[in-house]
Amino acid sequence: MNIVIIGCGRVGAFLAGLLDESGHAVTVVDLEKASFAHLPEPYKGNTLLGNGTDMDVLRQAGIESAEAFLALTQGDNRNLMAAQVAKEIFGVRRVIAKVNDPIRANLYRSQGITTFSRTSILGTLLKAMLDEDPEVGKVLLEQSLAHERRLAGDTSAPAPSAASAPGPAKVSR
Amino acid sequence: MYFIVAGGGEVGFHLSQALLESGHEVMILESDRRRAQFIQEQLGSVVLNAPADEGRYQMEAGCGRADAMIAVTGDDAKNLVICQLAKLQCHTERVIARVNNPKNEIVFKALGIDETISSTRVIMGVIEQELPTGGFFPLMPLTGSHLEIIEAEIAPNTPATGKKVGDLGLSTHGAVIGGIVRRGEILHAHGDTPLQVGDRVIVFSPTAAEADVRKALFG
């Protein structure tokens, strides 16, 4: 699957690494060259320097043939704009935007843009951990801990399945 | 009418001032505390010190009864979201967005924001309207006077084509052609020198007569 990610911060780079490893063709876009240092080794996908809300930059990133688009920059508004451009103008089928303001995340979700809020996801998860709720976030925690172990070089950790969808998509549903 | 102006930068400030002067009601949403304070000192209690891209502050500003939400921050993505929030949450009748990158005009239209203002586009429009072809460039003001230097390229089918310098009537406006650049050479501008298409004339003109000079050269 061709996937375009804008924003190569910790989350964007982590996800790009996971997707690249599962055999997807990934292109990560960021304004700052230094951000690409977040990408794990080895990363075989593409990187592109530029503004992820700019249509020409997105075209260059291959959005016209992309099946999934993730907006993971630090700006909620930028993510919302880029996600709408991807969905409405380029017709990308799967579009996910990080929107940390829970109210905006909810509003745009009702408008058909899949959004997730780190604020509400982390907050909910942390509360469940404190409450020792055995259900909430069990799979999420297990998978993310497994990914962490592999990043740290633990080869005995289970590899993710090749068909695994982007993590946040599952969470936002 | 009641306008909410999102963003109290240079554009937002002067826009609000003009709207207030024409008797409208205005509320400015400005997130920077010091900027908001400055605006309040200048324009009175017409500022809400809060981010415009959060729904609850738009509510607080009364977006439901506003005749228009005008988003004029320097950030296109923010202007887009401000307008979409106003439309979706407040059902504000009119939303107008400033577009800093002209390319985004198409994007905004595709995403449901029909009214956009692009300063680049406005300036280009004015220039294209004023000048069918050729060019008219006020180069610089002369310090200590009300004079300026203008460079103009003589265009086809304009009053100046083929006319003698003395017949342009510039002197009645207090303006003088200081020189003519023709094919890279400087010609002295005598009263009986005929102008040709492509000539670049250097005009010394009173600043106030700029429009008259333009008219004499381009019609």
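Which β-α-β unit do β5(A), α4(A) and β6(A) make, a right-handed or a left-handed one? In this predicted model, the three elements form a right-handed unit. The two strands, β5(A) and β6(A), are paired in the parallel sense, over 3 bridges. Strand β6 of chain A covers residues 114–116. Within this pairing, A:K98 stands opposite A:F116.

Strand β5 of chain A spans residues 94–98. It is mostly covered, with 4 of its 5 residues buried. β5(A) also pairs with β4(A), residues 68–71. That pairing is parallel too and runs over 4 bridges. Here A:L70 has A:I96 as its bridge partner. Between β4(A) and β5(A) the chain passes through α3(A), and this β-α-β crossover is right-handed.

The overall make-up of chain A can be stated briefly. Chain A holds 7 helices and 6 strands. From the N terminus, its elements follow the order β-α-β-β-α-β-α-β-α-β-α-α-α. The chain has 173 residues, of which 37% are buried. Contacts were also sorted by separation along the chain. Among the contacts in chain A with a separation of 6 or more, 50% join residues 24 or more positions apart.

In chain B, the description centres on strand β2, residues 25–29. Of its 5 residues, 4 are buried, so β2(B) is largely enclosed by the rest of the structure. β2(B) runs parallel to β1(B), residues 2–6, and 5 bridges join the two. In this pair, B:A6 stands opposite B:L29. The path from β1(B) to β2(B) leads through helix α1, residues 10–21 of chain B, in a right-handed β-α-β crossover.

β2(B) has a further parallel partner in β3(B), residues 47–48, with 2 bridges between them. B:I28 of β2(B) stands opposite B:V47 in β3(B). Helix α2 of chain B, residues 33–43, joins β2(B) and β3(B) in making a right-handed β-α-β unit.

The two chains also touch each other. The contact takes 16 residues from chain A and 13 residues from chain B. On the side of chain A, the elements that give two or more residues are α3(A), residues 76–89, and α4(A), residues 102–109. α3(A) gives the most, with 8 residues. By type, the chain A side divides into 7 nonpolar, 5 polar and 4 charged residues. Both helices appear in the crossovers described above: α3(A) lies on the path from β4(A) to β5(A), and α4(A) belongs to the unit with β5(A) and β6(A).

Notes:
Residues numbered from 1 in each chain as written. Chains lettered and ligands numbered in written order. Predicted model: local features only at pLDDT ≥ 70, side-chain atom pairs only at ≥ 80, totals over all residues. Contact = placed C-beta atoms within 7 Å. Nonpolar A, V, L, I, M, F, W, Y, C, P; charged D, E, K, R; others polar. Buried ≥ 20, exposed ≤ 12 C-beta atoms within 10 Å, placed from the backbone. Pairing = 2+ DSSP bridges. Right-handed = clockwise from strand over helix to strand, strands pointing away.
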